[in-house]
Amino acid sequence: MTVTIDSMGIGLIMPVMPDLITEVNGGTLANAAIWGGILSASYAVMQFVFGPILGSLSDRFGRRRVLLVSLAVMTVDYVVMALAGSIWLLLLGRLIGGITAATQATAAAYIADITPANDRGARFGLLSAAFGMGFILGPLIGGLLGDLGTRAPFWAAAALAGANLIFGMIILPETLKPENRRAFSLARANPLGALRSVRKLPGLAPLLVVLFLYQVSFHVYPVIWSYFTQAQFSWDPGMIGLSLAAFGVSIAIVQAGVIRLSLRHLGEVGTVIAGLCFAALSFVLLTVVTSGALALALTPIAALAAIATPALQSIMSAKCADDAQGELQGVIASVNALALITSPLLMTSVFAKFTSPGTAYYLPGAPFLASAALCVLGLALFLRARRRKG
């Protein structure tokens, strides 16, 4: 429930970002996409730096305390974004928000605390489904609130983050046992130190690379979708919100139910391979689609790609001791943050290149083609790593 409420706050603001950036900074949709990439990347830079720190702090002081402090600051961040009158204040809000973006890593460590190793893949799938459920409601409500103005979704997001904080204070117990706590070490908590520490575990480094490539490609949806659908189909914020909600419904179904069937019949390795294949296929199709209705029809295929992440996360979690689950999840958060740094800058640049006035070849779907290539590369690296293990 905590992750659901949190992801609602994130999804609320997505449908209005193109209009908000144009409102405070002027320029074309292509220019707004570039600034959107910068805002997303700055958010991810702070998440990259602070993800392992907060993950390691949760190994020392417990999951509950770190989670609640993050939610308190997040509430203030959305208020700042609601009041922002310039692109620089929006940038400051994204920097603050990146620091507090520890809820997913902390919640994943929380799940690892209370789940036997052989059940973690399915449990991580439920966690992703909870995030997807918020992603259903957030963009849907954000698209409707967008009709009231570009600021309304930010006030709603602040209210949700505050409600999330109160919910956690009342309901959430601590799960990290005293005997599993360890001293905080800055050498291991900084992103590079954490990556070096986790790299010592055999076979983990190539899996982190595969996760990075997959996340860079899959983040094309939140990064580009609002701009792509405006350019390709002339959709308004309401329609963008509905389409993102449909995608969230599909993700929730996949990660709450399909992931269990996939793990049962294909195993963790087969599930990762299938997820990467579905991702590549959907990206290629979205590159050339010219009908909004057809783009919506492709949503279930695109959502099937989401089975890869929980399975890959479970494979990595099995390689770590109980007292290092928070550290591992912090490293995974940093890898995700690196992907969030890379994806907005890469995908928005590709989008601007192929949609700017005077472009030699107009192709709003070009970022999806780049994502398909990254998925194919990730699949090749994963298969190579499995052969080496064999």
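**Local contacts, helix packing and cysteines**

In this predicted model, R151 touches L20, E23, V24, M81, A82, L83, A84 and G85, when residues up to four places away in sequence are not counted. R151 itself is placed in the loop between helix 7 (120–145) and helix 8 (152–171). One of the touched residues, A82, also takes part in a polar contact: its backbone oxygen is reached by the side chain of R151 at 3.4 Å.

The packing of two helices was examined next. Two packed helices are described by the angle between their axes and the distance between the axes. For helix 12 (residues 220–233) and helix 13 (residues 237–288), the angle is about 145° and the axes are 10 Å apart. The crossing of helix 12 past helix 13 is right-handed. On the side of helix 12, the contact is formed by V220, Y221, W225, S226, F228, T229 and Q230, and on the side of helix 13 by I240, S243, L244, F247, S282, F283 and L286. Sorted by class, this contact contains nine nonpolar and five polar residues, with no charged residues.

The loop between helix 12 and helix 13 contains S234. Although S234 is not a glycine, it has a positive phi of about 60°. S234 counts as exposed, because its relative accessibility is 64% and the cut-off for exposed is over 50%.

T287 lies in helix 13. In contrast to S234, which is exposed, T287 is buried, at 5% relative accessibility. The side chain of T287 makes polar contacts with two backbone atoms: the oxygen of F283 at 2.8 Å and the nitrogen of L369 at 3.1 Å. With neighbours within four places in sequence left aside, the residues in contact with T287 are L363, G365, F368 and L369. L369 therefore appears both in this list and as a partner of the T287 side chain.

The cysteines were then checked for disulfides, and the count is zero. For C277, the closest cysteine sulfur is that of C375, at 9.3 Å. A disulfide requires the two sulfur atoms to be within 2.5 Å, so the sulfur of C277 is too far from that of C375 for a bond. Seen from C375, the closest cysteine sulfur is likewise that of C277. The surroundings of these two cysteines can be described by accessibility: C277 is partly exposed, at 39%, whereas C375 is buried, with a relative accessible area of 2%.

Note on methods. Residues numbered from 1 in each chain as written. Predicted model: local features only at pLDDT ≥ 70, side-chain atom pairs only at ≥ 80, totals over all residues. Heavy atoms only, no water. Axes fitted to C-alpha atoms, helices over the stretch in contact; angles between N-to-C directions. Helix = DSSP H or I, 4+ residues; strand = E, 2+ residues; numbered from the N terminus. Left-handed = near helix turned anticlockwise from the far one by under 90°. Contact = heavy atoms within 4.5 Å. Nonpolar A, V, L, I, M, F, W, Y, C, P; charged D, E, K, R; others polar. Buried < 20%, exposed > 50% of the residue type's maximum accessible area, 1.4 Å probe, protein only. Polar contact = N/O pair within 3.5 Å; in protein donor to acceptor, adjacent residues only side chain to side chain.
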